[in-house]
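Me: I'm new to reading protein models and would like to go through this one step by step. Could you take my questions in turn?

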Amino acid sequence: MFEELVKRDFKKKYKRTILGMGWSLLSPLLMLLVMKVAFEQFFGRTVDHYTTYLFCGLLTFNWFAESTNGGMRSLLWNASIFTKVNVPKYMFLFSVNVQVLLNFALTLLVFFAFCAIDHVSFSWRFLCLVFPITTMLFFSLGIGMVLSAFFIFFRDIDYIWSLALQLLMYGSAIFYTVDKFPPSMQFAFSMNPVYRHIAYIREVVLAGTIPSLETHLTLIGFALAAFLAGIFMYRHYNTEFLYYV
Amino acid sequence: MSDQNIMLSCQGVSIRYKIGDLKDIGLKEWVTRRLTGRYSVVDFWADKDVSFTINEGDMLGIIGTNGAGKSTLLKAVSGIMEPTEGYIVRKGRVVALLELASGFDGDLTVTENAYLRGAMLGYTRTFMDEMYSRIIDFAELKGFEDRPFKQLSSGMKSRLAFSIASLVKPEILILDEVLSVGDGSFRAKSEAKMREIIKGGATTILVSHSIGQIRAMCSKVLWLDKGRQIEFTDDVKGCCDRYEAFLAARKNAKV
């Protein structure tokens, strides 16, 4: 069943588009271009490899945004299925995320190509990137589950979340650096899970060092908290969703 | 009648819908009503205190006017909903064929929809590969396989749905208005197919507005009216007579 759902989601998403999956690659690249042109004059002077710095942020943030947006709607869009057949409801969300993850993987390949062009030195430490990618996956799955459950009850969530994502984008230091901020602000950044993931990737890619143990534990903490919250929502409201679709 | 043969047992099942809560008023209204203390939820009991048991090989017909709570009851039996009160005991796999023609995806082709539906009913891919040509034959959809689903007529859609669904081999089978799909000749074909499944030993629940069908096929009847259980009996003929009298009386009262 899962396989068929994944196939369906792919077909629906790229139906009657000429570029197909190309669009999923093009949009972060265009964002990258715009941000580079707009901000390089301000922040590019103090940051080495500014393009790569930007790309780290965009890559992660776009993945998170796509995953949570798609996940949020997945449950409601499949209402016609789960009101008639008794199927595990998380399947719809996971199916959307397979696609999002694949897009991310493609973007990641392009990212490595950009790293090479930007003369970033590759090292074995890049393997550590598997870690934030894994925690990010669980984090965004969890957030997606929570959102999709709320979305069934309040359709307002759609608007609230697009607003929240916009704030999050500006608050995740995608195109600026945080070291000039006062300690209280630094603390606020450290509580932002998306920023922490971006920072991890930047540390590995740009500084060539492996982040501290504390960072690893924090990322696991975020992922676990979100994922458990998601599971809780699905368990608790499993039979309630039906009344609200 | 020994207890071992009981396939499905519903005891005191009640199902409640809430009216006037979140889904009707949205977040803003919900918050303001909560703050001003005007928030209230009205209960609506789609089913109230329904009890019945069916044994192996039985065919239960459920009758009642629109809004009697038939479909809601079936959703609870199939496990999609949970009863607010009471309990349901099932023995064996339940497959429910509810509102067949919906739940398909208009953008996918006939073939893709067939596979998706098959997967939802729990068929494996190899099983679907084997059965696919039979499904298309039975549904009389040769030559339409690569058409997007939304281009099909509604009769064709239901025919496909029925053809896929009729391959199931469940212990308990639930049919909600399934036998009334397609034109006359297809209906005869589908009834024959259904009889074949029932003969194979499946215990069946049938919802139908066609009293004739209930009379011809069922061994027990459950009559619901506005969520309440009027009758549950194996006197199919008597119950159907009374139901028809009830319908006639109501019709006269309206005129």
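Me: Which helices of chain A do the buried residues of H9(A) pack against?

Reply: Keep in mind that this is a predicted model. H9(A) covers residues 193-207 of chain A, and its buried residues include A:Tyr195, A:Ile198 and A:Ile201. Those buried residues pack against H3, H5, H6, H7, H8 and H10 of chain A.

Me: Is H9(A) largely enclosed or largely open, and how many of its 15 residues are buried?

Reply: A residue counts as buried if 20 or more other C-beta atoms lie within 10 Å of its own. A:Pro193, A:Val194 and A:His197 are among those that pass in H9(A). The helix is largely enclosed by the rest of the structure, because the number of buried residues is twelve of the 15.

Me: How far does H9(A) reach from its first C-alpha to its last?

Reply: With 15 residues at 1.5 Å a residue, you'd expect 21 Å for H9(A). The model comes close to that, and the reach is 20 Å.

Me: What phi does the residue just after H9(A) take?

Reply: That residue is A:Gly208, and its phi is positive. The value is about 70°.

Me: Where is A:His119, and is it buried or exposed?

Reply: A:His119 has a positive phi of about 60° although it isn't a glycine. Most residues other than glycine have a negative phi. You'll find A:His119 in the loop between H5 and H6 of chain A. It has 9 C-beta neighbours inside 10 Å, so it counts as exposed.

Me: What about B:Glu140: which loop holds it, and how does it count for exposure?

Reply: B:Glu140 is another residue other than glycine with a positive phi, near 55°. It lies in the loop between H4 and H5 of chain B. With 17 C-beta neighbours inside 10 Å, B:Glu140 counts as partly exposed.

Me: How far apart in space are A:Leu127 and A:Val204?

Reply: A:Leu127 sits in the loop between H5 and H6 of chain A and counts as exposed, with 10 C-beta neighbours inside 10 Å. A:Val204 is one of the buried residues of H9(A). They're 77 residues apart in sequence, yet C-alpha to C-alpha the distance is 9.1 Å.

Me: How are H2(A) and H5(A) oriented to each other?

Reply: Their axes come within 10 Å and cross at roughly 50°, and the crossing is right-handed. A:Ser24, A:Leu25 and A:Pro28 of H2(A) meet residues of H5(A) that include A:Leu106 and A:Val110. The residues of this contact are four nonpolar, three polar and no charged. As for the orientation, the two helices are therefore oblique.

Me: And how does H1(A) lie relative to H5(A)?

Reply: H1(A) passes H5(A) in a right-handed crossing. Residues of H1(A) such as A:Phe2 and A:Leu5 take part in the contact, and A:Met91 and A:Phe92 are among their partners in H5(A). That contact divides into eight nonpolar, two polar and two charged residues. The axes are 9 Å apart at an angle of about 55°, which makes H1(A) oblique to H5(A).

Me: Which element gives the largest share of the side of chain B that touches chain A?

Reply: The contact takes 23 residues from chain B and 20 residues from chain A. On the chain B side, S1, H1 and H3 of chain B each give two or more residues. By class, that side has eleven nonpolar, five polar and seven charged residues. The largest share is five residues, and it comes from H3(B).

How values were computed: Residues numbered from 1 in each chain as written. Chains lettered and ligands numbered in written order. Predicted model: local features only at pLDDT ≥ 70, side-chain atom pairs only at ≥ 80, totals over all residues. Helix = DSSP H or I, 4+ residues; strand = E, 2+ residues; numbered from the N terminus. Expected span 1.5 Å × (residues − 1). Contact = placed C-beta atoms within 7 Å. Nonpolar A, V, L, I, M, F, W, Y, C, P; charged D, E, K, R; others polar. Axes fitted to C-alpha atoms, helices over the stretch in contact; angles between N-to-C directions. Parallel < 35°, antiparallel > 145°, perpendicular 65-115°, else oblique. Left-handed = near helix turned anticlockwise from the far one by under 90°.
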